[in-house]
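Visitor: I work at the bench and would like a close look at a single part of this model, taken slowly and with its surroundings explained. Please begin from one side chain and move outward from there.

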Amino acid sequence: MSMWDPPRLLELATKSLLRNEALAVAALEMLPVELFPSLLMKAYAGKCHKTLKAMKVRQKKGLLHLCCKKFAIFEEPMQNIKMILKKIHLDSIQTLEVSCSWKLSALGSFAPHLGQMVNLRRLDFSHIRKSFYIYTKKKKYVNTFVSQFLNLHYLQELYLDSVSFFKGCLHVVLR
């Protein structure tokens, strides 16, 4: 018998707003800051263009300031993730959970963003797809990613699951 977890209030509020884009646009000025990251991600995934445009306008006016202490990435295309990461102050992220079946090339393009998360305290990393690359290319992607750990001075917790690409370079991560 499995337990059903009811949706969080934040998720319900986001879904409700995006069902009616006119309401979402009108409510942007009154929304709490905590709702913006979730709304941004859902609006982008759901192609809610009016909401996204209104959020960009608010950002240009200096009213939208996305700080995010916890950030999770689950099976999202890299271009979507990059768009979202541009809207967030990466140095505000303290907990990052990544559970994606990315190829090593995607991992390499995510690496510079990880390096900017200088206040990261916890990193959960799982299910990176083992890709078959020429050794030198694989080494380049892994080194690009691993080198970012040198910027993570506050990292206290590291959880790795199904990430075989670290084989042979884990000592660099654990310095």
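Visitor: Does His113 count as buried or exposed, and at what relative accessibility?

Guide: Before the answer, please keep in mind that this is a predicted model, in which local features need pLDDT of at least 70 and side-chain atom pairs count only at pLDDT 80 or more, while totals for chains, interfaces and linings use all residues. Residues are numbered from 1 along each chain as its sequence is written, and side-chain values use heavy atoms, with hydrogens and water left out.

His113 counts as buried, because its relative accessibility is 16%, where buried means under 20% relative accessible area, exposed over 50%, and partly exposed in between (1.4 Å probe, protein chains only). The residue belongs to helix H6, which covers residues 104–115; helices (H or I, at least four residues) and strands (E, at least two) are DSSP runs, numbered from the N terminus. Leaving aside residues up to four places away in sequence, His113 touches Lys82, Leu85 and Leu90, a contact being heavy atoms within 4.5 Å.

Among those partners, Leu85 leads us to helix H5, where it is one of the buried residues. H5 is mostly covered, since six of its eight residues are buried, and these are Met78, Asn80, Ile81, Met83, Ile84 and Leu85. The cover over the buried residues of H5 includes H6, the helix of our histidine, together with helix H3 and strand E1. Read from His113, then, the path runs from a buried residue in H6 to Leu85, and from there into a helix that H6 itself helps to cover.

H3 deserves a short stop of its own. Phe36 has its place in this helix, and with a relative accessibility of 4% it counts as buried. The C-alpha atoms of Phe36 and Met55 are separated by 8.8 Å, although the two residues are 19 residues apart along the chain. The loop between H3 and helix H4 (49–60) holds Lys47, whose phi is near 55°, a positive value in a residue other than glycine. Most residues other than glycine have a negative phi. In contrast to Phe36, which is buried, Lys47 is exposed, with a relative accessible area of 60%.

From the helices we can turn to two of the strands, where charged side chains meet. Side chains of opposite charge can pair when their charged atoms come close. A salt bridge here is a side-chain nitrogen of Lys or Arg within 4 Å of a carboxyl oxygen of Asp or Glu, and by this rule the count comes to two. In one of them the side chains of Arg122 and Asp124 meet, at 3.3 Å from N to O; in the other Glu157 pairs with Arg122, the closest N and O atoms being 3.1 Å apart. Glu157 lies in strand E4 (residues 157–161) and Arg122 in strand E3, so this pair ties together parts that are 35 residues apart in sequence. Arg122, Asp124 and Glu157 are thus linked in a network of salt bridges.

The members of that network do not share one level of cover. Arg122 is partly exposed, with a relative accessible area of 28%, and Glu157 is likewise partly exposed, at 30%. Asp124, on the other hand, is buried, with a relative accessible area of 15%.

It remains to place these parts in the whole chain. The chain has eight helices and four strands, and from the N terminus on its elements run α-α-α-α-β-α-β-α-β-α-β-α. Of the 175 residues in the chain, buried residues make up 41%, and His113 is one that counts as buried. Among contacts between residues at least 6 apart in sequence, 74% join residues at least 24 apart. The salt bridge between Glu157 and Arg122 likewise spans a stretch of sequence, as its parts are 35 residues apart.
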